[in-house]
Number of protein chains: 2
Amino acid sequence: MNTRFSVAVHILTFLQTQRGEPATSELVASSVGTNPSLIRRLMGQLIKAGLASAQRGTGGGAVLGRPASEITLLDVHRAIDEDSDVIPIHQSANLRCPVGRHIQGALERRIDAVERAMNGELARTTIADLASDVTRRARRTHA
Amino acid sequence: MNTRFSVAVHILTFLQTQRGEPATSELVASSVGTNPSLIRRLMGQLIKAGLASAQRGTGGGAVLGRPASEITLLDVHRAIDEDSDVIPIHQSANLRCPVGRHIQGALERRIDAVERAMNGELARTTIADLASDVTRRARRTHA
DNA sequence: CGTCTTTGTAACCATTGCAGTCACAATTTC
DNA sequence: GAAATTGTGACTGCAATGGTTACAAAGACG
């Protein structure tokens with residue numbers, strides 16, 4: 001079902017709630033409900049994108065790579081789903097048919113616009129927003 | 001890769017260029033570059049959504065279910081990808097962790113907004129737009 | 001130096017979804 | 001009745017995903 005984006009967001013939000021204290025992949029995995037190896041694989045992509053960093057050895061773990069207020073959902077999406085189209089276009093069309101030859105270009109323009117709209121919306125939320133939302137919800141529940 | 005949406009758009013655009021003349025699944029398949037059975041399966045969803053209709057037997061085939069100017073890409077998307085989330089959320093989160101318990105609700109709100117933005121953009125283009133775009137491009141190429 | 005902790009990564013498996021294909025009954029035209 | 005065509009079920013092959021194990025590399029600490 002490709003829930004990697006939402007797991008990545010969960011990871012980063014979790015790191016933010018740790019306030020700089022390194023979180024091991026095992027700790028994160030227990031919050032996400034999966035296993036540490038999977039977390040480390042995803043974390044690798046986040047680190048490569050500069051959204052997190054990690055240290056090995058005793059007392060090691062992962063922390064955010066920059067302030068949570070400067071990490072948007074668009075950043076996360078780009079780090080995780082780099083080269084996957086939101087709405088892919090079939091490449092099989094018959095070029096000897098007018099429709100087949102031109103539908104791709106015509107559709108592409110519209111789909112690009114859809115993607116821009118999506119990205120604009122994703123860019124409006126930061127990990128800091130989500131983390132404060134989560135803690136606010138938690139306070140309300142336990143009041 | 002799930003190119004069903006783009007194939008469905010191709011199908012409807014093709015039907016529009018046929019100007020009311022029924023198109024057989026074989027003809028459509030040759031434009032899309034796949035086989036008739038696949039076209040018929042997709043067509044079934046388009047018909048169920050009222051975007052097309054079909055007749056069996058000699059001289060049969062499919063036509064648009066309503067004017068191309070009244071079929072938006074959003075209609076197509078809803079007909080084809082009915083119950084698939086654009087950005088799915090993992091359901092495995094550990095509810096004993098504050099982040100795990102509240103991340104889903106917090107994320108959902110934002111993702112709903114992303115989906116609304118996407119839908120708004122999809123609704124701006126109709127099959128008539130695409131068909132005229134395609135014929136315009138065809139004219140230009142062959143000039 | 002040796003042990004323990006932890007990451008980084010490769011390898012593998014099971015499941016799922018998609019595209020492709022075949023087959024055939026049902027329907028319609030002639 | 002014959003031919004054309006849809007509608008649909010079944011099956012296959014392939015790729016992506018999530019899950020799991022294993023282990024070398026790196027760091028902390030006695």
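1. A residue is taken as near a DNA strand if its C-beta atom, placed from the backbone, lies within 6 Å of that strand. With that in hand, here are some notes on what is a predicted model. On this basis, helix 3 of chain A gives the most to the surface near DNA strand C, with seven residues.

2. Let us stay with strand C. In total, 31 residues surround DNA strand C, and the closest are S25(A) and A54(A) from one chain and T34(B), S37(B) and G57(B) from the other. Helix 2, helix 3 (36-48) and strand 2 (61-64) of chain A each supply at least two residues of this surface, as does helix 3 (36-48) of chain B. By class, the surface near DNA strand C has 18 polar, seven nonpolar and six charged residues.

3. Now for the other strand. Around DNA strand D there are 30 residues, of which S37(A), G57(A), T24(B), S25(B) and A54(B) come nearest. Here helix 3 of chain B gives the most, with seven residues. At least two residues each come from helix 3 of chain A and from helix 2 (25-32), helix 3 and strand 2 (61-64) of chain B. The surface near DNA strand D divides into 17 polar, seven nonpolar and six charged residues.

4. How are the two protein chains related? A rotation of 180 degrees, with 0.0 Å of shift along its axis, superposes chain A on chain B at an RMSD of 0.0 Å. The two copies are therefore related as by a two-fold rotation axis. The same surface serves both copies, since 100% of the contact residues of chain A recur in chain B.

5. The protein-protein interface is worth a look too. There, 47 residues of chain A are in contact with 47 residues of chain B. On the chain A side, helix 1 (4-17), helix 2 (25-32), helix 5 (98-122) and helix 6 (127-142) each supply at least two residues. Helix 5 of chain A gives the most to this side, with 16 residues. By class, the side of chain A that touches chain B has 25 nonpolar, 18 polar and four charged residues.

6. Next, a helix pair in chain A. Helix 2 and helix 3 of chain A pack at an angle of about 105 degrees, with their axes 8 Å apart. Angles of 65 to 115 degrees count as roughly perpendicular, and helix 2 and helix 3 of chain A are therefore described that way. In this contact S25(A), E26(A), V28(A), A29(A) and V32(A) of helix 2 meet P36(A), I39(A), R40(A) and M43(A) of helix 3. The residues of the contact are six nonpolar, one polar and two charged.

7. Helix 4 (residues 73-80) of chain A has six of its eight residues buried, so it is largely enclosed by the rest of the structure. The buried residues are L73(A), D75(A), V76(A), H77(A), A79(A) and I80(A). They pack against helix 1, helix 3 and helix 5 of chain A, together with helix 5 (98-122) of chain B.

8. Finally, a single residue in chain B: is A79(B) buried or exposed? A79(B) is found in helix 4 (residues 73-80) of chain B, and it counts as buried because it has 21 C-beta neighbours inside 10 Å, where the cut-off is 20 or more. Leaving aside neighbours within four places in sequence, A79(B) is in contact with Q45(B), L46(B), A49(B) and L51(B). The C-alpha atoms of A79(B) and L42(B) are separated by 9.5 Å, although the two residues are 37 apart along the chain.

Key
Residues numbered from 1 in each chain as written. Chains lettered and ligands numbered in written order. Predicted model: local features only at pLDDT ≥ 70, side-chain atom pairs only at ≥ 80, totals over all residues. Contact = placed C-beta atoms within 7 Å. Helix = DSSP H or I, 4+ residues; strand = E, 2+ residues; numbered from the N terminus. Nonpolar A, V, L, I, M, F, W, Y, C, P; charged D, E, K, R; others polar. Buried ≥ 20, exposed ≤ 12 C-beta atoms within 10 Å, placed from the backbone. Least-squares fit on C-alpha atoms with pLDDT ≥ 70 in both. Axes fitted to C-alpha atoms, helices over the stretch in contact; angles between N-to-C directions. Parallel < 35°, antiparallel > 145°, perpendicular 65-115°, else oblique.
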